[in-house]
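Me: Could you walk me through this structure and tell me how each label is earned? I am new to it.

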Amino acid sequence: METNKLSEVPLVNTILLSADKEGISKAAKVIAAGGLVAFPTETVYGLGGNALEADASQRIYAAKGRPSDNPLIVHIASTDSVYELASNVPEKAKMLMEAFWPGPLTIILPKADIVPDETTGGLKTVAIRMPSHPAALSLIQESGVYIAAPSANLSGKPSPTTAQHVADDLTGRIDVILDGGPVGIGIESTIVDLTEDIPTILRPGFITKKMLENIVGTVNIDKAIIHPDPNLRPKAPGMKYTHYAPKGSLSIIEDKDKPSEVTENVINKINSLLDEYHMKEDSQHSKKKVVVLTTADNAKSYNTDNLILLGEDDSGKTVCSKLYAALRECDKLNADYILSESFNRDELGGAIMNRLLKAAGQHVIYV
Ligand code: TXA
Ligand code: MG
């Protein structure tokens, strides 16, 4: 596999601009001139460059330290653009575009010749999305180009949900960061493959299977993402990497009889693990730092102050918007061990558990 080493990127002066009219206009010029701009979308911050210029895509891979076989999503501001980027647009794609764009849905279609192989990681298909964030739409319109944009994090880190997360990862490696404040959704778009008759979800997200099925009937989910198995190869190349992993060891504690509930058994197990891990010392005889990921509802049940709250209760929307910031916070706190409650897996919960399980390297402690 080809990789870009972090040291290969020449240092650039990264400018921070606010995502207002003036900032967007400056940033659009940078993109049009072949530069790289991180910008807010409704899902996570993206790292954008001209999608039809192979050089810009290569700079994106290098800045992120991302393997160049992991394709980029092309962001557009008008549905007409799909017909330029894709060689075939089936009826079901049109229905989904109509229902969910602009918004957190990415569609995979056979690519047109104008899309360079560098942008699609060598694949003959292209990923396309029309974001709903006003700053993202203005940036695409004003730059006059389609914008290839992966999430604006260093490869392997959680996707950024604030401009500060982007700055922490990419300062000195990209030209501009457009600060539009914290994003709304907090996890990446749902990806749906429309190159076969039955649409297939390659990455779960805010647009759920049920929402898609309401529009186009039966929708499948890529087996490799439901049952992570080294023998199954996910169809979205990015889903094979252990993303989002904090430096400390993360475990999810789950009641096998009631997986969607934080039961007494789960709380007792987390408390006993807290005791066990706190007893451990490293070679410098310093105590281990253990952090618990929970919601405000359960916070008082744990025998520790090292808590990171993922919202008031386990409602999917708040957990979603706080998850990545929480994983980054674990690193800031130098957590050696992270113990997380598990969340219900229906609808949006499925997307949240997909990200949390990846961050944990699929490590679940059942009680
Ligand atoms: O919400 C989002 O989708 C954000 C914002 C910035 O739009 N972008 C994002 O991009 O999450 P990225 O690069 O971090 O994730 C793109 C995913 C990767 O897993 C990649 O492998 C997959 O999309 N992908 C891209 N093109 C593909 C294609 N032609 N076929 C299958 N998977 C594709
Ligand atoms: Mg990403």
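The exchange below goes through a ligand site, one residue and a sheet.

Me: What kind of model is this?

Reply: Good place to begin: this is a predicted model.

Me: Which residues come nearest to ligand 1?

Reply: There are 28 residues around ligand 1, and Thr43, Asn70, His75, Ser189 and Gly238 come nearest. A residue counts here if one of its heavy atoms lies within 4 Å of the ligand.

Me: What makes the approach of Asn70 to ligand 1 a polar contact?

Reply: An N or O atom in the side chain of Asn70 is 2.6 Å from an oxygen atom of ligand 1. A polar contact asks for a pair of N or O atoms within 3.5 Å, so this pair qualifies. By that cut-off, His75 qualifies too, with a polar side-chain atom 2.7 Å from an oxygen atom of the ligand. Thr125 joins them, since an N or O atom of its side chain is 3.0 Å from a nitrogen atom of ligand 1.

Me: How much of ligand 1 does the protein cover?

Reply: On its own, ligand 1 has 680 Å² of accessible area, and the protein covers 97% of that.

Me: Which strands supply the shell around ligand 1, and which of them gives the most?

Reply: At least two residues each come from strand E4 (73-75), strand E6 (125-129) and strand E10 (200-203). E6 gives the most, with four residues. Sorted by class, the shell holds 15 nonpolar, eight polar and five charged residues.

Me: Let's move to one residue. Why is Asn153 called buried?

Reply: The relative accessible area of Asn153 is 2%. Buried means under 20%, so Asn153 fits the label. You can find Asn153 in the loop between strand E7 (147-148) and helix H6 (163-170).

Me: Which residues is Asn153 in contact with, beyond its neighbours within four places in sequence?

Reply: They are Lys64, Pro158, Ser159, Pro160, Asp169, Leu170 and Arg328. Contact here means heavy atoms within 4.5 Å. The side chain of Asn153 also makes a polar contact with the side chain of Ser151, at 2.6 Å, and that value is within the 3.5 Å cut-off.

Me: Now the sheet. How do you know that E9 and E10 pair?

Reply: Pairing needs at least two bridges, and three join strand E9 (residues 190-193) to E10, so these strands pair. They run antiparallel, and a hairpin of six residues joins them. To see one match, look at Asp193, which stands opposite Thr200 in E10.

Me: What makes E10 and E11 a pair?

Reply: Two bridges join E10 to strand E11 (residues 220-221), so the requirement of at least two is met. Here the strands run parallel, and Ile201 has Ile221 in E11 as its bridge partner.

Me: In what order do the strands of the open sheet lie, and why are E1 and E11 called edge strands?

Reply: The eleven strands follow the order E1-E8-E2-E3-E7-E4-E6-E5-E9-E10-E11, with mixed pairing. Strand E1 (15-18) and E11 are the edge strands, as each pairs on one side only.

Me: Which strand does E1 pair with, and in what sense?

Reply: E1 pairs with strand E8 (residues 176-179) in the parallel sense, over four bridges. Within that pair, Leu17 stands opposite Leu178 in E8.

Me: Where does Ala38 find its partners?

Reply: Ala38 stands opposite Leu47 in E3, and in E8 its bridge partner is Ile177. Strand E2 (residues 37-39) and strand E3 (residues 46-50) pair antiparallel over three bridges, whereas E2 and E8 pair in the parallel sense over two.

Definitions and conventions. Residues numbered from 1 in each chain as written. Chains lettered and ligands numbered in written order. Predicted model: local features only at pLDDT ≥ 70, side-chain atom pairs only at ≥ 80, totals over all residues. Heavy atoms only, no water. Polar contact = N/O pair within 3.5 Å; in protein donor to acceptor, adjacent residues only side chain to side chain. Areas by Shrake-Rupley, 256 points an atom, 1.4 Å probe, with all protein chains shown as cover. Nonpolar A, V, L, I, M, F, W, Y, C, P; charged D, E, K, R; others polar. Buried < 20%, exposed > 50% of the residue type's maximum accessible area, 1.4 Å probe, protein only.
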